[in-house]
Amino acid sequence: MLSNMLRQLFRVLICTVLTVSVLSTMSVSASEISSYAFINEDATLRIKRKTVHLYGIHIPKTSRYCRTNVSPVVCGSRAALALEFIVQGFVRCELIEKNSDGSYIGWCRVNVSHFNEGEDLSAYLLERGWAVALPNAPVEYHTLEKIARSRGTGVWGFQIDNIID
């Protein structure tokens, strides 16, 4: 019970520090969008006809995987399927930067309310090993990546996609 409380306290602390560090690095001209999100196969989000790349992370290419226990069948990278799992409604993104191709980089969260900061989608993928922190990402993102690497989760785990030919 004590270990569960410590784990929850650690998560709250990480989320708080991530929130403060992301907000402190954002420009004043950042805009916010909130709507239902579609997950693209490359794990970008499609919100209100805008393509949003998650802030501070790179999603390595993994083999295409299909989740057949849902209807319709959902296919995509492992990171995209992880996002499909957590994104069950509206997503709120603070758009940080516009790329030359017209897409955006955004800090995106789910389960946001007046009383809850929500869950950071970049941190979610890093914690599960489906993304790597970019060099200019907050130190908390690098910490989450190192934890996932030490646990051998996600892309840091054993290759399981092609064990049976």
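# Reading strands, core and charged pairs

Modeller: Let us start from one pair of residues: His53 has Ile105 as its bridge partner in S8. The model is a predicted one, and the pairings and distances discussed here are computed from it.

Colleague: Which strands does that pair belong to, how many bridges join them, and do they run parallel or antiparallel?

Modeller: The pair belongs to S3 and to strand S8, which covers residues 104–110; three bridges join these two strands, and they run parallel. On S3 there is also a pairing with strand S2, since residues 45–47 of S2 and residues 50–54 of S3 are joined by three bridges, in this case antiparallel. Within that second pairing, Val52 of S3 is the bridge partner of Leu45.

Colleague: How many residues lie between S2 and S3, and which residue in the turn has a positive phi?

Modeller: Two residues lie between S2 and S3, which form a hairpin, and Lys48 in the turn has a positive phi of about 50°. As a general idea for any such strand, side chains alternate between the two faces of the sheet when the strand is regular.

Colleague: How many helices and strands should I expect when I step back to the whole chain, and in what order do the elements run?

Modeller: The protein has four helices and 10 strands, and from the N terminus on the order of its elements is α-β-β-β-β-β-β-α-β-β-β-α-β-α. Of the contacts in the protein with a separation of 6 or more, 57% are between residues 24 or more positions apart. The accessible surface comes to about 10,300 Å², and carbon and sulfur atoms account for 57% of that surface.

Colleague: What share of the residues is buried, and which residues of H2 are buried?

Modeller: Of the 165 residues in the protein, 37% are buried, where buried means a relative accessible area under 20%. In helix H2, which covers residues 78–86, seven of the nine residues are buried, so the helix is largely enclosed by the rest of the structure. The buried residues of H2 are Arg78, Ala79, Ala80, Leu81, Ala82, Leu83 and Ile86.

Colleague: Which residues touch the most other members of the largest nonpolar core?

Modeller: That core has 34 residues, and those touching the most other members are Leu45, Leu83, Val91, Cys93, Leu121, Leu125 and Tyr141. At least two residues of the core come from each of S1 (31–39), S2, S3, H2, S7 (90–98), S8, H3 (121–127) and H4 (139–151). Taking Val91 as an example, and leaving aside its neighbours within four places in sequence, its contacts are Ile33, Ser34, Ser35, Ala37, Leu45, Ile47, Cys108, Arg109, Val110 and Leu121.

Colleague: Cys93 is in that list of core residues; which cysteine does a disulfide join to Cys93?

Modeller: In general terms, a disulfide is a covalent bond between the sulfur atoms of two cysteines. Here the disulfide joins Cys93 to Cys108, with an S to S distance of 2.1 Å. Because Cys93 lies in strand S7 and Cys108 in strand S8, the pair ties together parts that are 15 residues apart in sequence. The torsion about the S-S bond of Cys93 and Cys108 is about 115°, so this disulfide is right-handed, and both Cys93 and Cys108 are buried.

Colleague: How many salt bridges does the structure hold, and which side chain meets that of Glu94 in one of them?

Modeller: The structure holds five salt bridges, and in one of them the side chain of Glu94 meets that of Arg109, at 3.3 Å from N to O. Glu94 lies in strand S7 and Arg109 in strand S8, so this pair also ties together parts 15 residues apart in sequence. Glu94 is buried, with a relative accessible area of 14%, and Arg109 is buried as well, with 6%. Arg109 forms a further salt bridge with Glu117, where the closest N and O atoms are 3.8 Å apart; Glu117 is partly exposed, with a relative accessible area of 44%.

Colleague: What separates Arg149 and Glu145 within helix H4?

Modeller: The general idea is that an α-helix has 3.6 residues a turn, so residues three or four places apart point the same way. Arg149 and Glu145 are four residues apart in helix H4, so about one helical turn separates them, and their side chains meet in a salt bridge at 2.8 Å, N to O. Arg149 is partly exposed, with a relative accessible area of 43%, whereas Glu145 is buried, with 9%. Elsewhere, salt bridges that share partners join Glu94, Arg109 and Glu117 into one network.

Key:
Residues are numbered from 1 along each chain as its sequence is written. This is a predicted model: local features need pLDDT of at least 70, side-chain atom pairs count only at pLDDT 80 or more; totals for chains, interfaces and linings use all residues. Side-chain values use heavy atoms; hydrogens and water are left out. Buried means under 20% relative accessible area, exposed over 50%, partly exposed in between (1.4 Å probe, protein chains only). Contact means heavy atoms within 4.5 Å. Accessible areas come from the Shrake-Rupley method with a 1.4 Å probe; for residues, only the protein chains shown count as cover. Two strands pair if DSSP finds at least two bridges between them. A nonpolar core is a set of buried Ala, Val, Leu, Ile, Met, Phe, Trp, Tyr and Cys residues joined through side-chain atoms within 4.5 Å. A disulfide is a pair of cysteine sulfur atoms within 2.5 Å. A salt bridge is a side-chain nitrogen of Lys or Arg within 4 Å of a carboxyl oxygen of Asp or Glu.
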